[in-house]
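Work through the following exercises on salt bridges. Each task is followed by a stepwise solution.

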Amino acid sequence: FIFPLVLVMGRENKFCKSWSNMKKHINDTVSKSLLGRFFKLEARKTTFTTELRAATATFLTMAYIITVNATILTDSGATCSFHDCSSVAGSSLPGPNCVLGSNQGYEECLGRVKKDLVVATSLSAMVGSLAMGLLANLPFGLAPGMGANAYIAYNVVGFRGSGSISYHTAMAIVLLEGC
């Protein structure tokens, strides 16, 4: 029983040494490359593999923002209006109240908007994070803030546009506030 365990431990030790050697080689190579010099890996006393693990953790931490942000803004109705509602057979044209019920046309519009917002959230996080990394040379991930989005979606615009300000006006205010 002990003999196989010693063999496995010997292989594991050999694997760990080869993994450590490979990791050291990668870190040394990257730190001496243009990429390593640009991001000042040696000056900041870090390594490529450490930064890669940190970037992976940051991405996984931020990934929920992509769908949650889109869901929050979609709840406001976004660019959908009662004009997107489909009329029910045997009834007149849909009125403004169709947005509060379950209307197929309106729900399809919300589905399209949510997909667009997922793409917009992803792109804005990518652009912000790349700009922070390449222009400021800092390892920070940036993404849209959900607190302000929730406030705008639920208090200012209201659920499916039931608030005092339209979605378009609220987004213009957000744009001006960011400038």
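Buried means under 20% relative accessible area, exposed over 50%, and partly exposed in between (1.4 Å probe, protein chains only). The model is predicted, so local features need pLDDT of at least 70 and side-chain atom pairs count only at pLDDT 80 or more, while totals for chains, interfaces and linings use all residues. Residues are numbered from 1 along each chain as its sequence is written, and side-chain values use heavy atoms, with hydrogens and water left out.

**Exercise 1.** Determine how many salt bridges the model has.

Step 1. A salt bridge requires a side-chain nitrogen of Lys or Arg within 4 Å of a carboxyl oxygen of Asp or Glu.
Step 2. Applying this rule gives 3 salt bridges.

**Exercise 2.** Describe the pair Lys24 and Asp28.

Step 1. Their side chains form a salt bridge with an N to O distance of 3.1 Å.
Step 2. Both lie in helix α1 (residues 2-32), 4 residues apart, which means about one helical turn between them. Helices are DSSP runs of H or I with at least four residues, numbered from the N terminus.
Step 3. Lys24 is exposed at 51% relative accessibility, whereas Asp28 is partly exposed at 31%.

**Exercise 3.** Where in the chain do Arg160 and Glu107 lie, and is Arg160 buried or exposed?

Step 1. Arg160 and Glu107 are joined by a salt bridge, N to O 3.0 Å.
Step 2. Arg160 sits in the loop between α5 (146-156) and α6 (167-178), and Glu107 in helix α4 (residues 104-135); the pair links distant parts of the chain, 53 residues apart.
Step 3. Arg160 is buried, with a relative accessible area of 16%, while Glu107 is partly exposed at 33%.

Methods:
Helix = DSSP H or I, 4+ residues; strand = E, 2+ residues; numbered from the N terminus.
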